[in-house]
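Subject: Structure handover

Hello,

Here is the structure I promised to pass on. Please open it and keep it beside this message as you read.

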Amino acid sequence: MGNRVARTLAVAAAGLFAGHVIVYRILAPGPLQRSVLAAGASHAYLPFALAVGLMLAMAAGARTFHLGFQRATVQGTDRRRPGVTGTLILPAVAQAAAFIALEVLERMLAGAPMGNLLGPLLPVGVALQLVVGATGGLLLAGLDRAGEITGRAVAARRRAAAATEPHRWPPATSTPGHRPRSALLIRGPPFLA
């Protein structure tokens with residue numbers, strides 16, 4: 001699995017669970033309504049899964065920024081940014097498919113009927129997951145671009161500092177038989193006769 005795929009999956013996991021919570025809050029604002037909509041499927045795992053997903057997404061975002069920074073500062077790095085398909089479409093479709101699979105799995109584990117899945121839950125949930133997935137992809141692309149811009153600024157500053165650095169005399173590296181001027185001013189131990 002590539003580095004880009006792992007980062008996208010980490011952000012998609014956070015988006016999947018966040019979108020899952022949001023869908024149930026939109027369609028069923030009260031706890032009784034949510035339990036009816038969930039048809040007995042338990043969502044007790046969601047707070048923990050959301051926290052883990054957010055931590056993974058933060059790590060993926062930091063790594064994405066770092067890779068963009070590295071691409072701009074390290075010579076010979078040929079990594080390219082993904083296109084629109086890799087940035088928006090794939091994460092959105094993968095996240096929507098994962099939402100459907102998660103809903104089916106929740107109902108299978110709870111022994112709940114699949115009938116109410118075809119109500120408003122599935123269309124609204126899939127639409128929301130498509131939006132959240134595309135947003136996560138845009139977030140990663142933005143962090144990559146921000147890292148690249150920052151890296152270019154740092155590289156330009158380094159080049160400018162190297163070009164304007166004054167030449168030091170005497171040279172910083174000593175040659176054989178060469179004593180720095182400060183060595184002439186150092187007093188040695190007293191001479192005992």
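Below is what was found, starting with the whole chain and ending with two spaces inside it. Please keep in mind that this is a predicted model.

**The whole chain**

Start with the fold. The protein chain has 6 helices and 0 strands. Follow the sequence from start to end and the pattern reads α-α-α-α-α-α.

Next, burial. The chain has 193 residues, and 29% of them count as buried. Its exposed surface comes to about 12,500 Å². Carbon and sulfur atoms supply 70% of that area.

Now the contacts. Take those between residues at least 6 apart in sequence. Of these, 80% join residues at least 24 apart.

**The cavity**

How many cavities of 30 Å³ or more does the structure hold? The count is 1. The elements that give two or more residues to the lining of the largest cavity are α1, α4 and α5, and α5 spans 121-164. The space in this cavity is about 40 Å³.

Which element gives the largest share of the lining of the largest cavity? It is α5, with 5 residues. The full lining is T8, V11, A12, P91, Q95, V132, G133, G136, G137 and L140. By type, that makes 5 nonpolar residues, 5 polar and no charged.

**The second largest pocket**

This pocket has a volume of about 180 Å³. Which residues line the second largest pocket? Look for R4, V5, T8, L9 and A12, then G86, L90, P91 and A94.

Two helices each supply at least two residues of this lining: α1, residues 3-27, and α4, residues 84-110. The largest share comes from α1, with 5 residues. Sorted by type, the lining has 6 nonpolar residues, 2 polar and 1 charged.

**Where the two linings meet**

Try this on your screen. Select T8, A12 and P91. These residues line the largest cavity, and they also line the second largest pocket. The helices α1 and α4 likewise give at least two residues to the pocket lining, and two or more to the cavity lining. The types of residue are worth setting side by side too. The pocket lining includes 1 charged residue, whereas the cavity lining has no charged residues.

Best wishes

Key
Residues are numbered from 1 along each chain as its sequence is written. This is a predicted model: local features need pLDDT of at least 70, side-chain atom pairs count only at pLDDT 80 or more; totals for chains, interfaces and linings use all residues. Side-chain values use heavy atoms; hydrogens and water are left out. On a 1 Å grid over the protein atoms alone, a cavity is a set of points where a 1.4 Å probe fits but cannot get out, and a pocket is an open set with protein on both sides within 12 Å along at least five of seven lines; lining residues have an atom within 4 Å of a point. Grid points are joined across faces, edges and corners, and a volume is the space filled by probe spheres set on the points. Helices (H or I, at least four residues) and strands (E, at least two) are DSSP runs, numbered from the N terminus. Ala, Val, Leu, Ile, Met, Phe, Trp, Tyr, Cys and Pro count as nonpolar, Asp, Glu, Lys and Arg as charged, and the others, Gly among them, as polar. Buried means under 20% relative accessible area, exposed over 50%, partly exposed in between (1.4 Å probe, protein chains only). Contact means heavy atoms within 4.5 Å. Accessible areas come from the Shrake-Rupley method with a 1.4 Å probe; for residues, only the protein chains shown count as cover.
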